[in-house]
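Trainee: Could we go through this one together? I'd like to learn how to reason from a structure.

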Amino acid sequence: MTSTVTRATTDAPGPPAIVPAAPGRGPASNRSSAPGSRTDDSARALARRRRHNPITWVQRGGLTTLLFLLPLLIIFGVFSWTPIVESVIMSFQKTNLVTAPVFVGWDNFVAVFRDPVFWVALRNTGYFAALALLFGYPIPLVAAVLMSEVRRMKGLYSVLAYLPVVIPPVVSVLLWKIFYDAGPTGVFNTILSWVGIPPQPWIQDAATAMPSLVLQATWAGAGGTIIIYLAALTSVSPDLYDAAEVDGASIWGKIWHVTLPQLRGILFITLILQIIATAQVFLQPFLFTGGGPVNSTTTILLLIYQYAFTNSLGGAYGQATALSIMLAAFLAVLSVVYFRLTSRWSDE
Amino acid sequence: MKSPAKIAVLAAAALAGVGILSGCSSNSGGSGDGQVNLVVAPVLPGATADALTALHDRVKQFEKKYPDIKVKAIEYQWTGTTFAAELAGGTLPDVFNVPFTDSKTLANNGQLADITKYFKQTSTADKWNKNVLDVATGDDGKVYGIPWGPYAMALSYNRDIFTRAGLDPDKPPTTLDEIEQDAKTISQKLPGVAGYMQMTKDNTGGWELATLTQALGGHLEKVGSDGKVTVTADNAKTKQALNWLKALRWNDDAMGSNFLFDWSGINEAFASGKVAMYMSGSDVIGSLMQANGFDQKKYGVTTFPLASNASAGILSGGNVDVVNVKDSPEQIAAAVKWIDFYRTQPTVDKSAAVKNAKTLAKGDQAVNAPTLPVFDKATWQKNQEWIKPYDNIPVENLKPFTDGIFDQKISPEPPSHTQDLYGALDPVVQAVLTDKNADVDSMLKAVDTKIQALVDADGK
């Protein structure tokens, strides 16, 4: 880290040099790389930089920077930031998108909290996330570790694992919907009957619907995560395994003491990505069940969709945006807290 | 970072973006020389080539009659999910159709064009049955659309399955008890076939529960003399209807193993022989032939049984052709001329009717799908005579319905927040079919509370 000595010696109406500024906070902290030497030069440079005005900005190539930035600014501005800002505004309005919107304060948020289905959706989303974590998180890791141990036909296994990801998500859900036919002649029920298990209701029963959705989601999503883990595993130095072997470690010992610690950074990322993804699950409940039976698979995102769109008369856009914003805020806070908590471990 | 110049440039970039967007939504209705452009949407996506050719023929006839109007016909299906966004974005056609359930609310929301002036100029303006035209009339008394193709709810059944189960397809059930008996017989004799099923998903569960309730003589909403609507989903007839379903499902095991069906899902299940009987609109054979390739010779339809009390009635529905609220007066005038030409004239004018029937028959589309009269029974019967030579659904298969329907009292849908009400009732129907011990009473009470709050909020 650089010091902030230079700052005090120049235009310093501020605090004296003895007070060390927090790293990364003072304006000078990331500048002069050679504290003490050439104090005057850097002081002058600093003074110059202090004067922000259009002329110096242009002189320093600001136009070129802007030119290169422009496509990005326009694309993000038009397709991302503007809609975000507009949905924040809309969450405080009552509108049907045609007549003039009416400002309603916090009414939309209150309406969401008063809706009994909201609490059901919240619980369902948590349930989905928990189930997905329980099954969906370890399975790709185990599969990746096993596949990295395989000597022959590694490519074939990778292809097989990745295949579900290549199938368009909607197609695979619709296929599984047929497999999940609850009659005794359904695909899965026929397979179960071979081993003497009676027909299961799958998505036709409130108790089994959500696990059925998680099963499909895990199948569909595992391949992508496996590939990430496989890539990360190749970067684990073989020396570590050799050393562990010399010390007499078993396979489990090697996985526990070498593989997992080495994958730590990746594991933290995939975990938070999975939590964010499951909190926004939509495709499975939308296509499989439409939230049924009896709202047992209504998730937060499906509820947002229902607020906005299923009332064919241009529904409650205000409530939909209000809930979207609450979800976004929750996930943002969760991510920040998560990275704060885990930064120590993953930085090492 | 936050220099004024950068902010100015950012603002300029943002404005440029807005400019691009607003460019998309400009609606160029007319050109300088008095010609009016009109985008109409009378066919569903995936219509057959024959149907499209015929449509273009009719567009040409129309343009010959009105040389100032240039018509562009597109494939389009109105869905509630995209409607408001398309309206706001300016990508909506000028003429499109919406279901009876939605037209009145859309009109009161200011989302449809007022066509009163031009409607009054059509030749049939005074001929309309007030009750039918009411679905297209706003609370302000103005006309916002032109109804067509009304239907009554009916019982569709697979004649082939009836025969295989040892039942007489010419003698379909005439009471709820008979439906239950026949459904039980079918499910026992033909494992894997649901004897009877009805829709449960995407608001259709509530729609069909409303049909059952009204067939038994109950009402989900009551309108007081002061016009105030009271939601009454928690009533004896609705409970009777749910109990009937419960018996079919749990005592008779006559509803198969799958219970999540929307409109197209149950049509698919019926067309593939997994469902023997189901509650549907009387004109559904049109869709079964077009979308599911169902053999119309296997199709049977009868009136849905009504209870014998005086308030029992059959729920009906239909379509309303409406006009984009953003259109110019010239476009609205042209749009009404088109609707009159395309929808209304074939029901009252012989040559238009015959031409239409020929076209449908050529495209293997249903010609004589059973519908209800738009004007009066006499006009409707005349129309049926005109198209008779082109009928492509066996008339005797439709007989149980066509013989009985004029004895049934037509009962309109619940008037207020209809789709919200239907949506709230979906889980109730699903609960009865998937949970033997479903607490119907408290669920219906919750529906009353929820929808009543929406109704009351309108009054404020």
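Mentor: Sure, and let's begin with a term: a salt bridge is a side-chain nitrogen of Lys or Arg within 4 Å of a carboxyl oxygen of Asp or Glu. Keep in mind that this is a predicted model.

Trainee: OK, so which residue forms a salt bridge with B:R159?

Mentor: We need a carboxyl oxygen within 4 Å of the arginine's side-chain nitrogen. Here the closest N and O atoms are 2.8 Å apart, and the partner of B:R159 is B:D170.

Trainee: Where do those two sit in the chain, and how many residues apart are they?

Mentor: B:R159 belongs to helix 7 (residues 159-164) of chain B. B:D170 is in the loop between helix 7 and helix 8 (176-189) of chain B. The pair links distant parts of the chain, and the separation is eleven residues.

Trainee: Is B:R159 buried or exposed?

Mentor: Buried means under 20% relative accessible area. B:R159 has a value of 12%, so B:R159 is buried.

Trainee: What else does B:R159 touch, and which backbone oxygen does its side chain reach?

Mentor: Leaving out residues up to four places away in sequence, B:R159 touches several residues, including B:K297, B:K298, B:Y299, B:G300 and B:N397. B:P169 is also among the residues touched. At 3.5 Å, the side chain of B:R159 reaches the backbone oxygen of B:P169.

Trainee: There's another pair, B:D168 and B:K171, in a salt bridge. Which of B:D168 and B:K171 is exposed, and which is partly exposed?

Mentor: Their side chains meet at 3.6 Å, N to O. Exposed means over 50% relative accessible area, and partly exposed runs from there down to the buried cut-off. B:D168, with 34%, is therefore partly exposed. B:K171 has 64%, so the exposed one is B:K171.

Trainee: What about B:K228: which residue is its salt bridge partner, and how many residues apart in sequence are the parts tied together?

Mentor: B:K228 pairs with B:D456, the closest N and O atoms being 3.6 Å apart. B:K228 lies in the loop between strand 6 (221-223) and strand 7 (229-231) of chain B, while B:D456 is in helix 18 (residues 440-459) of chain B, so this pair ties together parts separated in sequence by 228 residues.

Trainee: Are B:K228 and B:D456 buried or partly exposed?

Mentor: Check their relative accessibility: B:K228 has 44%, and B:D456 has 36%. Buried would need a value under 20%. So B:K228 counts as partly exposed, and B:D456 is likewise partly exposed.

Trainee: How many salt bridges are there over all chains, and which residues join into one network?

Mentor: A search of the whole structure gives 13 salt bridges over all chains. Salt bridges that share partners make one network of B:D234, B:K239, B:D441 and B:K445.

Trainee: Now the nonpolar side: which helix gives the largest share of the largest core?

Mentor: In soluble globular proteins, nonpolar side chains tend to be buried together. The largest nonpolar core here has 77 residues, and B:I186, B:Y196 and B:L425 are among those with the most contacts inside it. Its largest share, eight residues, comes from helix 17 (residues 418-434) of chain B.

Trainee: How many residues are in the second, separate core?

Mentor: Look around B:I115, B:A334, B:W338 and B:F341, which are included in it. This second core is separate from the other and has 32 residues.

Note on methods: Residues are numbered from 1 along each chain as its sequence is written. Chains are lettered from A and ligands numbered from 1 in the order in which they are written. This is a predicted model: local features need pLDDT of at least 70, side-chain atom pairs count only at pLDDT 80 or more; totals for chains, interfaces and linings use all residues. Side-chain values use heavy atoms; hydrogens and water are left out. A nonpolar core is a set of buried Ala, Val, Leu, Ile, Met, Phe, Trp, Tyr and Cys residues joined through side-chain atoms within 4.5 Å. Buried means under 20% relative accessible area, exposed over 50%, partly exposed in between (1.4 Å probe, protein chains only). Helices (H or I, at least four residues) and strands (E, at least two) are DSSP runs, numbered from the N terminus. A polar contact is a pair of N or O atoms within 3.5 Å; within protein, one must be able to donate a hydrogen and the other to accept it, and residues adjacent in sequence count only if both atoms are side-chain atoms. Contact means heavy atoms within 4.5 Å.
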